[in-house]
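Hi,

Here is the structure I promised to pass on. Have a look at it first, and my notes follow underneath.

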Amino acid sequence: MAIATGIAVAVIIGVAGPLLSIHWFFLNQLGRIKDLCGDIRLGNYRYFHLPNEPVEKEDENELISLMRDMNWMVNQIDVRNIELKKMIADLEASKNALHKSETHYRGLVENMGDTVFTLDLEGNFVFVSGRAKKITGYEPEQIVGRNIRKFLTSESVSIFEKKFERQIQAESIAPHTVQFISADNKHIPLGVNPSPLFNAEGELAGLECIARDMSEHKRLEAELLRARKMEAVGTLAGGIAHDFNNIIQGISGFTELLLLGKNEDDPDHRKLSIINRQTLRAAELTRQLLDFSRKAEIRPSPLDLNGEIEKIKKIIESSVSRMIDVRFHLSNRLNWVNADAGQMEQVIMNLVINAGDAMADGGELVVQTENIAHDGVYCRAIPDALPGEYVLVAVSDTGTGMAEEVVEHIFEPFYTTKEVGEGTGLGLAMVYGIVKNHNGHVYCESMPGRGTTFKIYRPALNGEKNSRNADDMQVQEIADGIETILVVDDEKAVLEVGKEFLERSGYTVITAKTGEEAIETVGVFCPDLVILDLNMPGMGGFKCFQELLKIEPGINILVASGYSAELEKNRLQEAGAGGFIAKPYKMKAMLKTVREILDRNCGLRGYG
């Protein structure tokens with residue numbers, strides 16, 4: 001454009017000046033002008049592409065031809081100028097659109113919950129989004145230019161280098177987790193999703209990565225694994241309790257038999273009584289295991305937890321050292337819950353005793369109640385928790401506290417931090433089982449030197465709150481019988497002791513060790529009552545139960561089991577069982593239940 005303008009100026013000066021100047025101009029510049037015009041015609045200049053060249057006439061002299069070319073060229077400059085303005089406007093619009101798009105996507109990157117970063121082929125940070133500040137504690141400019149290896153633990157450096165090498169070799173890399181060392185020297189688990197980054201020439205320039213803080217995910221994963229582990233341990237504990245109950249049943253039964261023939265003056269009476277008391281203690285241990293495994297029978301009823309705590313206030317205060325200041329913060333208008341009063345008291349007392357043990361040199365113990373509403377956010381963080389209204393019972397102490405690795409195991413059966421002989425470790429396992437059995441959840445907060453708080457959440461009871469009626473059973477004289485009873489159990493000791501006790505009461509007793517044998521026996525003898533164990537080899541007790549009802553509809557069946565779950569009991573009774581008794585049972589209790597079933601369903605009275 002500068003050259004064209006110069007030419008135009010030169011022409012104007014040449015025309016407007018004296019003839020001598022024109023003559024000089026044409027003598028010295030005509031050749032150069034013609035050459036320039038020729039170059040323009042050939043398109044040798046970027047902005048002067050001439051699609052339609054001016055046509056020369058034969059009778060025109062060089063000056064007229066030159067002027068025509070100059071005039072045409074000026075017109076072309078105007079056209080190109082218009083086109084250039086349009087190009088500039090288009091470029092400006094593209095620039096604005098690009099800026100708008102860049103702003104939009106930068107906003108997405110900066111506001112997303114994850115952080116975005118790019119690395120060069122050496123592993124140096126080229127770009128880091130602003131989210132890095134919240135996740136790592138570093139400002140982006142503190143990271144850019146530094147190598148990612150400087151921010152990773154030694155184990156994670158090894159993981160990164162293996163993944164990075166494979167990525168450079170064009171292999172597909174799945175998302176993986178590395179430990180990033182934050183500004184406050186904490187290890188942050190970062191889930192990294194990498195992809196290759198190419199330059200304008202299509203060459204690999206590095207990696208672009210999306211990184212997510214996995215801390216909450218890891219915590220929830222640990223909670224889920226802990227819940228599954230506790231469920232598995234609970235199943236194991238329930239199985240152990242069932243087998244143990246069978247053993248206790250044999251010991252307890254034979255002890256009762258021996259005691260029947262001894263008066264209190266007999267030297268063996270005291271020894272047998274001790275054995276009998278020890279079997280009761282063993283039965284209590286199995287009951288705690290069943291509480292933990294949620295297979296223990298509960299008797300829930302509408303309950304005011306404030307009232308229950310008031311009843312045991314003095315027991316709580318006397319259960320801990322006098323150096324401990326016991327305080328009660330009980331909420332007004334506390335919602336009621338549907339719970340077993342005895343088990344709730346047992347939960348509170350276990351937590352109180354544990355708190356007292358943690359404050360050997362004194363401290364403060366607080367029992368608190370409160371109405372709590374759980375929303376969806378809280379429930380997503382706590383396995384098995386559902387949104388709704390809950391009643392909180394919290395027991396806090398200012399004792400020694402526990403490390404995180406101890407807290408992870410405290411609800412496991414037989415896990416204890418006490419010295420040998422100071423406890424079985426079943427207390428908190430039982431607390432866990434009872435709370436779960438009441439559709440609640442338990443949470444522990446503790447730090448070494450800062451005390452411990454156990455929080456028990458139970459669903460609040462909606463609707464009418466009825467007072468709990470005590471189930472007072474009067475002791476009655478048990479009548480003897482004349483009926484035929486089939487006892488089915490795979491434990492030889494249980495069969496023997498049951499047979500002898502029933503025969504002493506006048507019954508005719510047949511025994512069977514398996515379900516298959518029981519079915520054959522019923523087909524021959526038609527007993528008046530079957531005492532059936534559920535957990536047996538072969539076809540098992542429940543299948544046997546179903547087959548017996550098919551063979552003899554309306555047959556009286558008393559189910560005896562080492563499990564005493566309310567669900568199991570209700571299911572069997574709905575299916576046609578005459579009754580349910582949990583092992584280990586006292587023989588007199590068994591005889592009483594047998595008599596009640598026979599009298600209710602057969603209309604017969606035993607004879608003494």
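One thing before you load it: this is a predicted model. I'll start with a hairpin and work outwards from there.

Strand 11 and strand 12 (residues 452-459) run antiparallel and are joined by six bridges. If you want a couple of pairs to click on, serine 446 sits opposite threonine 452 of strand 12, and valine 442 faces isoleucine 456, also in strand 12. The two strands make a hairpin with five residues between them, and glycine 449 in the turn has a positive phi of about 80°.

Strand 12 has a partner in strand 10 (residues 388-397) too: these two are antiparallel, with eight bridges between them. There, aspartate 397 is the residue opposite threonine 452. So how covered is strand 12? Mostly: six of its eight residues are buried.

Zooming out, the hairpin belongs to an open sheet of five strands, ordered 7-9-10-12-11, with mixed pairing. Its edges are strand 7 (324-329) and strand 11 (441-446), each of which pairs on one side only. Ignoring direction, neighbouring strands in this sheet are turned against each other by 15° on average.

Now for the other sheet I looked at. It is open as well and has five strands, in the order 2-1-5-4-3, but here the pairing is antiparallel. Strand 2 (125-128) and strand 3 (176-181) are the edge strands, each with pairing on one side only. The average turn between neighbours, again with direction ignored, is 35° in this one.

At the strand 3 edge, six bridges link strand 3 to strand 4 (residues 187-198) in the antiparallel sense. Histidine 176 has valine 192 in strand 4 as its bridge partner. Which helix packs on this sheet? That would be helix 6 (residues 154-168), which touches strand 1 (115-120), strand 3, strand 4 and strand 5 (204-213). The direction of helix 6 makes about 130° with that of strand 3.

Last, a single residue to check: glycine 342, which is found in helix 11 (residues 341-357). Is glycine 342 buried, exposed or partly exposed? Its relative accessibility is 41%, so it counts as partly exposed, because that class lies between the 20% limit for buried and the 50% limit for exposed. The C-alpha atom of glycine 342 is 9.3 Å from that of glutamate 308, and the two residues are 34 apart along the chain.

That's what I have for now.

Cheers

Note on methods:
Residues numbered from 1 in each chain as written. Predicted model: local features only at pLDDT ≥ 70, side-chain atom pairs only at ≥ 80, totals over all residues. Heavy atoms only, no water. Pairing = 2+ DSSP bridges. Helix = DSSP H or I, 4+ residues; strand = E, 2+ residues; numbered from the N terminus. Axes fitted to C-alpha atoms, helices over the stretch in contact; angles between N-to-C directions. Contact = heavy atoms within 4.5 Å. Buried < 20%, exposed > 50% of the residue type's maximum accessible area, 1.4 Å probe, protein only.
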